[in-house]
Amino acid sequence: MYVNFRPTEAPHSERNDLQNIKRMLPFLWSYRGRVFIALASLMLAKFAIVGIPLVLKEIVDQLDVTLADTASIPVELPLALLLGYGALRLANVLFSELRDAVFSRVRYRAMRDISTKVVRHLYQLSLGFHLERRTGGISRDLERGTRSLSSILNYLTFNIIPTMVEFVLVAAVLFSQYDSHFALITFGTVVVYLAYTMAVTEWRMHFRHEMNAHDSKANSQAVDGLINYETVKYFNNETYELHRYDKTLNAWEDAAVKSTSSMALLNFGQGAIIAIGVTIVMIFAAQGVVDKDMSLGDLVLVNAMMLQLFIPLGFLGIIYRSMKHAMADMDLMFKLLDRQPEILDQDDANELRVNNATVKFEQVEFAYNPERQILHGISFEIPPGKKLAVVGPSGAGKSTLARLLFRFYDVDSGCISVDGQDIRGISQVSLREAIGIVPQDTVLFNESIFHNIQYAKPGATEGEVRRAAKLANIAEFIENLPDGYDTIVGERGLKLSGGEKQRVAIARVILKNPNILVFDEATSSLDSHSEQVILQSLREVAEEHTTLVIAHRLSTIIDADQILVMEQGMIVEQGTHQQLLAQQGLYANLWQIQQEKEYDPVSEAD
Ligand SMILES: Nc1ncnc2c1ncn2[C@@H]1O[C@H](COP(=O)(O)OP(=O)(O)OP(=O)(O)O)[C@@H](O)[C@H]1O
Ligand SMILES: [Mg+2]
């Protein structure tokens, strides 16, 4: 919803609109040939339509003269004029349609270009941005924005500019042919008409907003109630929910009635203004005929022109309102485009050169929000091909380490480097190429399992995908499914169990085969048996790879070369499993607790 914070500052929002229109021009410019043809067709169509009353006048005058003096002159059919009249009508339709046909490419191309541009921009924006925004909201902004771009182009080329052209042509005819008061009355009427339309539309819009607001509210109340169906029943609250719903609908009904009746007022007012204007013009014209200053044809001409002028103006109220809405929607979209991506490649960013993939964190400080520091002076190094494990209580900042290494966020101070290259100085693509992550919560695309695994390496062969699935200990499961690898996994992968999703994610990373591996609780949803099987394959996969493992279950990481214990964003202990046990600190304590809980023989492997 467009929110105008300072409604009194109208000029400000208008300036914005102008700027936004200016930003649309490049889209038109790239198709200037077509735009030019469309505008030329438009002019021709308008010439034809203004020509029609002129020819009509000639026809009436000729017939008038003929009929008046039937005695002296034989009746003659003004065939050429009649044919000309028909030709003008034809030309009008022809050029109008030609304009639509030619312009449609421009319009849809502009929509396509802007959609691609916005989506590309959305991918550039940081994870932080996307976590804050609701995806549904963004896609609505995008949809509304492109639709408004299209409708603004539409209104401009099909309504506003044509009406202006017609207006100028009519003015030219009236001023050149007749007494100036015809033109003056016509324009006076148009001005009053425009002012009235805008004022009433402005006033009415408020009913419309009210109606929409109640409508959304009623909708969300109904949906919310139905989503909470069980809760409603638990508390016997159907009547309460219905009452709330109906109360909102009642308000909606009132606003809708006001909106419709005010529309009737608008239409009646517009009609009245036209009627008064036309009557005055007709009185003058009839007086002209009586005084023999004007012919009967002139009277017909003036009448026809004036009525013709008001046909497009009749849509003005609707267009004015739609334009205002479209401008607001477009403004939202352009604001989105104006958002600077927080994580950008430096201009001189190099490609990451990986030798043996040493990962190093030096004095890293980080906060998602300035008010709450998450990491405090974190330093560690994972030597090439080694495995570093990070353990610690929930919320300690473990997953944050992985996000920083992947450069979803930049560190506030300190430095993260891969093979001695600060990750801020290399291209994001080359960095991410080198890192494979099995995230804590795996989300899958609503496509086949095959697609989801192959996603790691779009050109991968079927054999490669199957091998990865096998290593991730999920091949057997997949092959036993009725649709096998073609099974569709459902929205966000919800048709798979947590452990199955994790194994798909592992298969993906195995297929990607990067130098650096990050496993964030990669086996947390698995039962102990599957976990052991996968840990074995992961050990094989991780061999020769620099690996960062985040884990809750300590039994899964006892073989790590180095273990960090994190608490509240700080490293509180580090060493190998044996060293840490000997320290009798937090780690030894956690180990103790977990050992007591787990009587699973496999986890007592040490
Ligand atoms: N995008 C975010 N914005 C603000 N705070 C965040 C964001 N992501 C995480 N946090 C906070 O940062 C802290 C560390 O989060 P992190 O995900 O690194 O924890 P973790 O150690 O992985 O925990 P767990 O073991 O539960 O996965 C948490 O307190 C969390 O609330
Ligand atoms: Mg985590």
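This note goes through the packing of several helices, the surroundings of a ligand, and a few single residues in a predicted model.

1. A starting point is how two packed helices are described, namely by the angle between their axes and the distance between the axes. Helix 3, which covers residues 79–124, and helix 10, which covers residues 316–338, have axes that come within 9 Å and cross at roughly 45 degrees. That angle makes helix 3 oblique to helix 10, and the crossing in which helix 3 passes helix 10 is left-handed. On the side of helix 3 the contact is made by Lys117, Val118 and His121, and on the side of helix 10 by Met333, Leu336 and Leu337. Sorted by class, the residues of this contact are 4 nonpolar, 1 polar and 1 charged.

2. A second pair to look at is helix 6 (residues 180–227) with helix 9 (residues 296–314), whose axes come within 12 Å and cross at roughly 20 degrees. Angles under 35 degrees count as roughly parallel, and helix 6 and helix 9 are therefore roughly parallel to each other. Helix 6 passes helix 9 in a right-handed crossing. The residues that meet are Phe182, Thr186, Val190 and Tyr193 from helix 6, and Val302, Met306, Leu309 and Leu313 from helix 9. This contact has 7 nonpolar residues and 1 polar residue, with no charged residues.

3. Helix 9 also packs with helix 8 (residues 238–290), and here the axes come within 9 Å and cross at roughly 165 degrees. Angles over 145 degrees count as roughly antiparallel, so this description applies to helix 8 and helix 9. The crossing in which helix 8 passes helix 9 is right-handed. Helix 8 brings a list of residues to the contact that includes Gln270, Ile274, Gly277 and Val278, while those of helix 9 include Leu296, Asp298, Leu299 and Val302. In this contact the classes divide into 13 nonpolar, 5 polar and 1 charged. A student may wish to find Val302 and Met306 in the structure, since Val302 and Met306 of helix 9 appear in the contact with helix 6 and also in the contact with helix 8.

4. Which residues surround ligand 1? Among them are Leu131, Tyr368, Asn369, Ile374 and Gln440, together with the residues Ser394, Gly395, Ala396, Gly397, Lys398, Ser399 and Thr400. Strand 1 (359–369) and helix 11 (398–405) each supply at least two residues of this shell, and the largest share, 3 residues, comes from helix 11. By class, the shell around ligand 1 holds 4 nonpolar, 7 polar and 1 charged residues.

5. Helix 11 deserves a point of its own, because 6 of its 8 residues are buried and it is largely enclosed by the rest of the structure. The buried residues are Lys398, Thr400, Leu401, Ala402, Leu404 and Leu405, and of these Lys398 and Thr400 also belong to the surroundings of ligand 1.

6. Gly395, one of the residues around ligand 1, is placed in the loop between strand 3 (387–391) and helix 11. With 13 other C-beta atoms within 10 Å, Gly395 is partly exposed. The C-alpha atoms of Gly395 and Glu567 are separated by 8.3 Å, although the two residues stand 172 residues apart along the chain.

7. Most residues other than glycine have a negative phi. Against this background Arg407, which follows helix 11, has a positive phi near 60 degrees. Arg407 is found in the loop between helix 11 and strand 4 (413–418), and with 19 other C-beta atoms within 10 Å it is partly exposed. Glu521 likewise has a positive phi, in this case near 50 degrees, and lies in the loop between strand 7 (516–520) and helix 17 (528–542). Glu521 is partly exposed, with 19 other C-beta atoms within 10 Å.

8. The last residue is Cys415, which lies in strand 4. Is Cys415 buried or partly exposed? It counts as partly exposed, with 15 C-beta neighbours inside 10 Å, whereas 20 or more would be needed for a residue to be buried. Leaving aside residues up to four places away in sequence, Cys415 touches Glu362 and Asp422. From C-alpha to C-alpha, Cys415 and Leu149 are 44 Å apart in space, and in sequence they are 266 residues apart.

Notes: Residues numbered from 1 in each chain as written. Chains lettered and ligands numbered in written order. Predicted model: local features only at pLDDT ≥ 70, side-chain atom pairs only at ≥ 80, totals over all residues. Axes fitted to C-alpha atoms, helices over the stretch in contact; angles between N-to-C directions. Helix = DSSP H or I, 4+ residues; strand = E, 2+ residues; numbered from the N terminus. Parallel < 35°, antiparallel > 145°, perpendicular 65-115°, else oblique. Left-handed = near helix turned anticlockwise from the far one by under 90°. Contact = placed C-beta atoms within 7 Å. Nonpolar A, V, L, I, M, F, W, Y, C, P; charged D, E, K, R; others polar. Near = placed C-beta within 6 Å. Buried ≥ 20, exposed ≤ 12 C-beta atoms within 10 Å, placed from the backbone.
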